[in-house]
Amino acid sequence: MKHHGTLLLTRHEIAQLLNIDECIKAVEQAFKLYGEGEVAPPGILGMRTRDGGFHIKAGLLEREKSYFVAKMNANFPKNRKRFDLPTIQGVIILCDGEHGYPLAVMDSIEITIQRTGAATAVAAKYLSRPDSKVITICGCGNQGRIQLRSLLQVRPLKQVFAYDLDRHQAELFADEFSHDLCAEAISAEQLTECVRKSDTCVTCTPSKQYFLNRHDITPGTFIAAVGADSEDKQELDPELFMSSKVVVDVLAQCAAIGDLHHAVKQGLLKASDVHAELGEVVAGKKPGRLTKEEVIIFDSTGMALQDAAAAMLVYEKAVDTGVGTWFEFY
């Protein structure tokens, strides 16, 4: 990489460079390095506003080269209706970890979508039953779509229940995947009935009140709780944590802003009761699924090292293929 300057990459260009299979592999490696203690713990800073909020996630990741990544994301759930803007938007800055030079500035939307789906796929690889065939997706937006596409890379799913408070979105989702994938997709009216039939359940909504109840979950279910990334968001019944094996992406982060936060706040369990961070499972330091009957929750708040892994991959491919626009800050 002999280029001098900073590379600007748009969402469209990133989508050309990054596919979900590559992203899953990169994210799994990042979790492994974190679990082995080979990288420093990632950092996070959040600020809330009246109708949404901002967070900054930062991490340092080393492969052949050392890279520092900082992502600033804005999350405003009312954006679509009020301004015709994405709910989540922002930028990623990629710097050389040796001397700090800003190597790239890139859109964060595509990387956030893909790396979040990739983390669920990695978790499912270690925590869901290998024969899982039925899934319920709660939340049928962009994240719901990438969650399903990611999980299809690691599990032989045959039936998909699509649930959304906006029934039209669920119908569009089911129609899209019925034609696009080798799986039956059904728009779900009754969440409870679908969850009870499912091996896997993914929640990826902006909900501030839990909707997945403890008594709806059958033995052996794998639950990926993706939506809660601030202390006011919640998707899972806090009592569900008491009867499940709990795995998190970053323990301190999940105890502060994840679904786990609500169970800890209510005194139903302590952070020390959590079975493992996903990196520990990927690194082989702690076991994943041990029995067919275990209910396992993966609390996913989004780890900066996921962003770093994906951004590194995008940058290196962009340089090799000549994608993007070079400019000089100074």
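A polar contact here is a pair of N or O atoms within 3.5 Å; within protein, one atom must be able to donate a hydrogen and the other to accept it, and residues adjacent in sequence count only if both atoms are side-chain atoms. Helices (H or I, at least four residues) and strands (E, at least two) are DSSP runs, numbered from the N terminus. This is a predicted model, in which local features need pLDDT of at least 70 and side-chain atom pairs count only at pLDDT 80 or more, while totals for chains, interfaces and linings use all residues. Residues are numbered from 1 along each chain as its sequence is written, and side-chain values use heavy atoms, with hydrogens and water left out.

**View 1. Asp166 caps the N-terminal end of helix H6.**
A side-chain oxygen of Asp166 lies 3.1 Å from the backbone nitrogen of His168. The backbone nitrogen of Asp166 is itself reached by the side chain of Asp164, at 2.8 Å. Asp164 sits in the loop between strand S8 (159-163) and helix H6 (167-180). A polar atom of the Asp164 side chain also lies 2.8 Å from the backbone nitrogen of Cys140. Beyond its neighbours within four places in sequence, Asp164 is in contact (heavy atoms within 4.5 Å) with Gly139, Cys140, Gln169 and Ala170.

**View 2. Does Asp164 look buried or exposed, and which side chain of opposite charge is nearest?**
Asp164 is buried, where buried means under 20% relative accessible area, exposed over 50%, and partly exposed in between (1.4 Å probe, protein chains only). Asp164 has no salt bridge; that term stands for a side-chain nitrogen of Lys or Arg within 4 Å of a carboxyl oxygen of Asp or Glu. The nearest side chain of opposite charge is Arg145, 7.5 Å away. For charge, Lys and Arg count as positive and Asp and Glu as negative, with His and the chain ends not counted.

**View 3. Helix H6 has buried residues that include Ala170 and Phe173.**
Ala174 and Phe177 are buried in H6 as well. The four cover an arc of only 95° around the axis, which puts them on the same side of H6; the arc is that of the directions from the helix axis to the C-beta atoms. Among the elements covering the buried residues of H6 are strand S7 (134-138) and helix H5 (142-151). H6 has 14 residues and reaches 20 Å from its first C-alpha to its last, close to the 20 Å expected at 1.5 Å a residue. The expected span is 1.5 Å times one less than the number of residues.

**View 4. Helix H11 (residues 304-321) is largely enclosed by the rest of the structure, because 15 of its 18 residues are buried.**
The end C-alpha atoms of H11 are 26 Å apart, in agreement with the 26 Å that its 18 residues should span. Gln306, found in this helix, counts as buried at 1% relative accessibility. The side chain of Gln306 reaches the backbone nitrogen of Met303 at 2.8 Å. Residues touched by Gln306, not counting those up to four places away in sequence, include Val27, Phe31 and Arg115. Just after H11, Gly322 takes a positive phi of about 75°.

**View 5. Two salt bridges involve residues of H11.**
Side chains of opposite charge can pair when their charged atoms come close. Glu22 forms a salt bridge with Lys317, the closest N and O atoms being 3.0 Å apart. Glu22 lies in helix H2 (residues 20-35) and Lys317 in H11, so this pair ties together parts that are 295 residues apart in sequence. Glu22 is partly exposed at 26% relative accessibility, and Lys317 is partly exposed at 23%. The side chains of Arg115 and Asp307 meet in a salt bridge at 2.8 Å, N to O. Arg115 in helix H4 (residues 109-127) and Asp307 in H11 are 192 residues apart, and both are buried.

**View 6. Arg48, Lys208, Glu231 and Asp232 are linked in a network of salt bridges.**
Within the network, the side chains of Asp232 and Arg48 meet at 3.6 Å, N to O. Asp232 lies in the loop between strand S12 (222-225) and strand S13 (234-236) and Arg48 in strand S2 (residues 43-48), so the pair ties together parts that are 184 residues apart in sequence. Asp232 is partly exposed, at 21%, whereas Arg48 is exposed, at 55%. A search of the whole structure finds 26 salt bridges.
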